[in-house]
Amino acid sequence: MWRLKVSEGISDPWVKSVNNHIGRQYWEFDPNHGTPRERAQVEKLRQHFQTNRFRAKHSSDLLMRLEIAKEKASDYEIFEEVKEKSEQEITKEVVESSLRRALRLYSSLQAKDGFWPGDMGGPLFLLPGLVIGLSVTGTLNAILPQEHQREARHYLYNHQNEDGGWGLHIEGASTMFCTALSYITLRLLGEEMDGGDGAMHKAKAWILQRGGVTSIPSWGKVWLSILGVYEWSGNNPLPPEIWLLPYFLPLHPGRMWCHCRMVYLPMSYLYATRFVGPINAIVLSLREELYALPYHLIDWDHARKLYILQEDLYYPHPMIQDILWGCLHKVAEPVLMKWPFSKLRQKALQTVMQHIHYEDHNTNYICLGPVNKVMNMICCWVEDPNSEAFKFHLSRIKDYLWLAEDGLKMQGYNGSQLWDVSFAVQAIISTNLVDEYDSMLKKAHYFIKNTQIRANNSGDLSKWYRHISKGGWTYSTADNGWPVSDCTAEALKAALLLSDLPSDIAGEAIPTHQLYDAVNLLLSLQNSNGGFASYELTRSYAWLEMINPAETFGDVVIDYPYVECTSAVIQGLQSFRKLYPDHATKEIQTCIAKALHYIQSIQLPDGSWYGSWGVCYTYATWFGIKGLVASGETYQTSCSIRRACDFLLSKQLDSGGWGESYLSCQNKVYTNLEGNKSHIVNTGWAMMALIEAGQGERDSEPLHRAANVLISSQMANGDFPQQEIMGVFNKNCMFSYSAFRNIFPIWALGEYLNRVLMPSPTSNSL
């Protein structure tokens with residue numbers, strides 16, 4: 001049976017940590033773990049998900065709930081359904097009862113060092129990359145033993161669409177990118193061509209009916225080339241020499257969004273070395289299975305230029321990009337392969353590997369994200385199969401794996417620990433029940449204090465194109481090493497709220513100088529237009545998106561400013577200014593004024609904001625309103641707030657809730673969930689935005705109806721149901737915010753209780 005391990009790693013000499021592994025989460029298989037009854041429960045959960053997989057595509061993290069309940073000697077009702085409840089009068093007593101049940105349940109899920117373990121899956125192209133990477137380095141069976149492989153196969157089968165294909169994410173329509181990668185992964189994991197009770201046959205048919213994998217998008221071509229089932233000559237060039245260009249050029253990779261440059265960094269190394277894994281029987285068989293033509297007859301230059309299927313195409317290549325790739329392929333590449341220009345390539349490869357090692361070292365081999373994690377690992381193996389770097393990489397793979405009732409998946413990050421804790425603290429405090437749940441706050445406070453980044457990265461930051469990081473917080477754990485603007489701002493808000501509580505409730509406050517460090521980092525991240533991007537300053541120009549080679553994703557080349565990040569920073573700095581009015585007063589005041597102007601300038605004509613990190617317009621409009629109010633704007637004085645409120649009220653459903661589909665992100669048009677269903681997370685966001693804008697003082701009826709939706713959705717044990725996916729990146733791919741199902745109903749009901757049902761002069765948040 002599987003066991004969840006939390007904040008462990010001391011016994012592994014190949015795992016380094018800056019804070020004793022606080023926040024680390026991973027699963028390991030223990031054949032002696034669990035009673036026969038517990039094992040039967042787990043199997044029942046798996047069967048239940050499989051049976052209902054086309055109706056409910058999102059796992060509910062029930063294995064984690066069972067495991068933590070077992071560790072704490074408590075019970076969790078695994079098949080409890082939300083029962084239809086008639087509309088009831090919403091009173092103070094009803095809301096308090098709901099909140100106490102919700103907090104009691106959520107406290108039972110908290111880990112000993114203060115965070116909430118959870119699933120951050122969703123994308124379906126991540127696990128295949130890992131399996132390919134382990135396969136070509138000969139470590140598949142060592143890192144993913146049979147039980148891991150069994151659960152990985154379950155995961156892929158559970159998320160296969162009815163037409164036989166796989167989507168970009170678990171709720172998406174089938175794409176060549178993920179169908180080909182998932183089929184290949186299942187074959188590498190031991191499935192036969194006709195295995196899976198016909199599932200493999202359906203997948204293969206889906207691929208061949210569309211002409212085979214020659215039309216796979218560029219990222220897919222790279223993975224297939226690494227494995228040896230596609231030729232590197234069928235790829236558009238990824239020259240590592242770009243890293244040797246002078247930094248002042250707008251297209252220097254150091255000026256790109258960190259996720260973009262960190263992925264194309266190892267890709268360029270593998271492309272330039274034309275690395276191919278061992279050509280074994282399964283690779284030779286896949287060459288026959290995946291194509292409509294015999295492999296040796298394929299025109300790879302034609303395949304390089306082949307149009308991507310409509311199912312995969314989100315960002316079509318502009319003509320200038322096709323001209324650029326053609327020139328690089330026909331002219332630059334042949335020249336760089338010959339002496340003396342081959343010396344330039346060798347220098348570029350050395351430079352690229354230096355940057356890879358720098359990234360690995362400064363992230364404790366977790367890396368920025370799962371794609372560059374696996375590709376960096378392959379590069380280290382290509383450089384030296386026996387290197388310490390490769391061994392460090394292998395020991396960190398488990399940080400990205402998560403087990404749920406739908407199987408073993410690779411997450412979109414090494415978790416969302418800090419992000420969830422920061423929101424959870426604000427939610428708990430909003431209830432005004434802190435005296436009853438002080439242990440939750442103390443543990444969460446411990447986590448926040450011990451996950452702040454205490455020093456900048458090593459070496460000359462400008463040489464490695466890094467921003468300062470001291471004082472920041474990452475999205476996940478301190479070991480990840482990459483601070484994010486909104487994560488830092490939300491953690492700062494939470495730390496300030498906790499410092500304002502008695503120490504017997506929240507623990508000792510974070511030292512003042514660490515708060516100053518956080519403020520210094522935030523101030524350093526403001527762009528000239530007043531907005532805040534995610535990890536760094538916006539270093540280049542939006543027109544650079546013309547060279548975005550990833551047909552599947554949008555807005556990937558530079559780090560754009562976002563309403564979510566900008567609003568979070570405004571809120572964090574205003575919270576700080578209230579408690580520390582004499583520190584950096586003028587700088588903070590100027591920063592907030594510029595950020596306010598930016599938020600107002602990007603508001604859409606209908607009053608909403610577009611959400612880049614959550615679904616979608618409800619999420620961003622919550623941030624938009626919060627940022628405006630934190631800046632001193634009110635409903636009476638701000639046309640922007642009035643328009644935003646009108647937008648939200650216009651989207652309220654007959655049920656009283658809000659329910660927004662991920663299609664809003666993809667199509668940039670507000671789209672309700674199928675059947676006009678309410679979603680507890682969207683409802684929570686909209687409620688809090690309206691409360692912040694004073695809706696309770698004007699007309700509280702929409703809020704009463706929304707609160708009824710949340711309370712009616714709650715299970716008897718205090719939990720809330722997992723509904724449709726709510727996280728997004730690069731406009732077109734979704735991921736799971738699994739903790740949001742608990743955090744935002746609690747937060748919204750807490751705000752509703754204390755600011756609508758029983759408002760007081762002190763009920764406003766910090």
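Biologist: Let's start with strand β1, residues 2-6: how many of its residues are buried?

Modeller: Keep in mind that this is a predicted model. Strand β1 is largely enclosed by the rest of the structure, and that follows from its burial count. Of its 5 residues, the number that are buried is 4.

Biologist: Which residue in β2 stands opposite Trp2?

Modeller: Start from the pairing: β1 runs antiparallel to strand β2, residues 25-29, and 5 bridges join the two. Within β2, the residue standing opposite Trp2 is Phe29.

Biologist: There's another strand pair, β5 and β6; how many residues lie between them in the hairpin?

Modeller: β5 covers residues 401-404 and β6 covers residues 407-410, and they pair in the antiparallel sense over 4 bridges. Leu403 in this pairing stands opposite Leu408 in β6. The two strands form a hairpin, and the number of residues between them is 2.

Biologist: On to the cavities. Which element gives the most to the lining of the largest cavity?

Modeller: The structure holds 11 cavities of 30 Å³ or more, and the largest has about 580 Å³ of space. Its lining has 34 residues, and the closest to the centre are Trp257, His259, Gly412, Trp613 and Phe729. Elements giving two or more residues to that lining are α10 (258-273), α15 (370-383) and α19 (485-499). The one that gives the most, with 5 residues, is α10.

Biologist: And how many residues of that lining are nonpolar?

Modeller: Split the lining of the largest cavity by residue class: 1 residue is charged and 6 are polar. The nonpolar ones number 27.

Biologist: Trp613 came up there. What is the centre-to-centre distance in its aromatic pair with Tyr562?

Modeller: The structure holds 52 aromatic pairs. In the one formed by Tyr562 and Trp613, the planes are 75° apart, and since over 60 degrees counts as edge-to-face, that is the class of this pair. Centre to centre, the rings are separated by 5.4 Å.

Biologist: How many residues apart in sequence are the parts that this pair ties together?

Modeller: Tyr562 and Trp613 are buried. Tyr562 sits in the loop between α21 (512-524) and α22 (563-579), while Trp613 sits in the loop between α23 (585-601) and α24 (617-630). The pair therefore ties together parts whose separation in sequence is 51 residues.

Biologist: What about charges over rings: at what distance from the ring centre of Trp206 does Arg210 lie?

Modeller: Two arginines are worth a look here. Arg255 lies over the face of Tyr247, at 5.6 Å from the ring centre. Arg210 lies over the face of Trp206, and there the distance from the ring centre is 3.8 Å.

Biologist: Is Ser215 buried or exposed?

Modeller: Ser215 lies in the loop between α8 (199-209) and α9 (218-227). Its C-alpha atom is 7.5 Å from that of Met176, a residue 39 positions away along the chain. The relative accessibility of Ser215 is 5%, and because the cut-off is under 20%, Ser215 counts as buried.

Biologist: Which residue does a cis peptide bond join to Trp339?

Modeller: Most peptide bonds are trans. The exception to look at has an omega of about 10°. The partner of Trp339 is in the loop between α13 (319-336) and α14 (342-362), and that partner is Pro340.

Biologist: Tyr465 has a positive phi; is this residue buried or exposed?

Modeller: Phi of Tyr465 is about 60°, although Tyr465 is not a glycine. Tyr465 is found in the loop between α18 (438-451) and α19. With a relative accessibility of 15%, Tyr465 counts as buried.

Biologist: And what is the relative accessible area of Asp555?

Modeller: Asp555 also has a positive phi, near 50°, in a residue other than glycine. Asp555 is found in the loop between α21 and α22. Asp555 is partly exposed, and its relative accessible area is 27%.

Biologist: Last one: what separates the C-alpha atoms of Gln346 and Trp685?

Modeller: Gln346 has its place in helix α14, and at 45% relative accessibility Gln346 counts as partly exposed. Along the chain, Gln346 and Trp685 are 339 residues apart. Their C-alpha atoms are separated by 52 Å.

Terms used. Residues numbered from 1 in each chain as written. Predicted model: local features only at pLDDT ≥ 70, side-chain atom pairs only at ≥ 80, totals over all residues. Heavy atoms only, no water. Buried < 20%, exposed > 50% of the residue type's maximum accessible area, 1.4 Å probe, protein only. Pairing = 2+ DSSP bridges. 1 Å grid on protein atoms, 1.4 Å probe; cavity = no way out; pocket = protein on both sides within 12 Å on 5 of 7 lines; lining within 4 Å. Points joined across faces, edges and corners; volume = space filled by probe spheres on them. Nonpolar A, V, L, I, M, F, W, Y, C, P; charged D, E, K, R; others polar. Phe/Tyr/Trp six-rings, centres within 6.5 Å; stacked < 30°, edge-to-face > 60°. Lys NZ or Arg CZ within 6 Å of the ring centre and 35° of its normal.
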